[in-house]
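This briefing sets out the fold, the packing and the surface of one protein chain for a computational chemist. The structure is shown first, and the points are then grouped by topic.

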Amino acid sequence: THSFADVVAGDVGVADIVTPCGNGVDLLAGGSGFARLAGLRSYELEMIGRGLQQIEPGYEYLVVDSAAGLSRQTVAFAAACDVTVLVTTHDITAMTDAYAAAKAIIARDSAVDLSLVVNMVGCEDEGVAVHKRIDGVSRRHLRRSIPLAGVVPFDFSVVAAVKRRRPLSLVASETPAAIAIRRLAAGLQAKPE
């Protein structure tokens, strides 16, 4: 019913846009198609940040899925998170964007807990090779490593789940992508706080 677009407009607070989705998961929608959300002012980012701080104690995990690309708000959200995971594919432009995002995030906070997920690969080795390239450039130019958090294979069941607007874990829980995502989640949960 409501999204962050309504929060930015001043119509509702962050707590008012929480939408229960079942299985212990709630959603705070960004507001699809609202170009205004791509260029938030500092006070609007702060308003969202304060709202998230208020609801955070009610959750074990708060996952922020930010838009691809570099914007002030994407970097601000990444810097505010306890753990930041960049997601890329084997496509050269996606790898370039991932490195640029890493560079901007590290420039803002050099101590950020940053790792990489390589998505939609044909095999594990392809994902490891993509990580090696990005990590090598990062070591050379940013003087720090970006660990590999996980590799997720291309899987048609993901496409089917998206079309059905259902979580992959509920409609195809034993497919290669679902298994890889569970492994990724377990690795992230095991990180020290």
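**Nonpolar cores**

In this predicted model, the largest nonpolar core comprises 20 residues, and the members with the most contacts inside it are Leu86, Ile105, Leu114, Leu116, Ile134 and Ile146. At least two residues of this core come from each of helix H3 (72–80), helix H4 (92–108), strand E4 (114–121) and helix H5 (124–141). The most is given by H4, which contributes 7 residues.

- A second core, separate from the one above, has 14 residues, among them Phe4, Val12, Val14 and Ile48.
- In soluble globular proteins, nonpolar side chains tend to be buried together.
- Ile134, one of the residues with the most contacts inside the largest core, touches Thr88, Met95, Ala98, Leu116 and Ile146 when residues up to four places away in sequence are not counted.
- Of these partners of Ile134, Leu116 and Ile146 are also listed with the residues that have the most contacts inside the largest core.

**Fold and overall dimensions**

- The chain contains 8 helices and 5 strands.
- In sequence order, these elements follow the pattern α-β-β-α-α-β-α-β-α-β-α-α-α.
- The radius of gyration is 17 Å, close to the 16 Å given by the globule rule for 193 residues, so the chain is as compact as a globular protein of that length.
- Along the principal axes, the C-alpha atoms fill a box of roughly 50 × 40 × 35 Å.
- Among contacts with a separation of 6 or more, 63% are between residues 24 or more positions apart.

**Burial, surface and charge**

- Of the 193 residues in the chain, 35% are buried.
- The exposed area of the chain is about 12000 Å², and 56% of this area is supplied by carbon and sulfur atoms.
- The chain carries 19 positive and 21 negative side chains.
- The centres of the positive and negative sets lie 6 Å apart.

**Thr74 in helix H3**

- Thr74 is located in helix H3, an element that also supplies at least two residues of the largest nonpolar core.
- Is Thr74 buried or exposed? Thr74 counts as buried because its relative accessibility is 15%, and buried means under 20%.
- Apart from neighbours within four places in sequence, the contacts of Thr74 are Ser66, Ala67 and Gly69.

Key: Residues are numbered from 1 along each chain as its sequence is written. This is a predicted model: local features need pLDDT of at least 70, side-chain atom pairs count only at pLDDT 80 or more; totals for chains, interfaces and linings use all residues. Side-chain values use heavy atoms; hydrogens and water are left out. Helices (H or I, at least four residues) and strands (E, at least two) are DSSP runs, numbered from the N terminus. The radius of gyration is taken over C-alpha atoms; the globule rule is 2.2 Å times the number of residues to the power 0.38. Buried means under 20% relative accessible area, exposed over 50%, partly exposed in between (1.4 Å probe, protein chains only). Contact means heavy atoms within 4.5 Å. Accessible areas come from the Shrake-Rupley method with a 1.4 Å probe; for residues, only the protein chains shown count as cover. Lys and Arg count as positive and Asp and Glu as negative; His and the chain ends are not counted. The place of a charge is taken as NZ of Lys, CZ of Arg, CG of Asp or CD of Glu. A nonpolar core is a set of buried Ala, Val, Leu, Ile, Met, Phe, Trp, Tyr and Cys residues joined through side-chain atoms within 4.5 Å.
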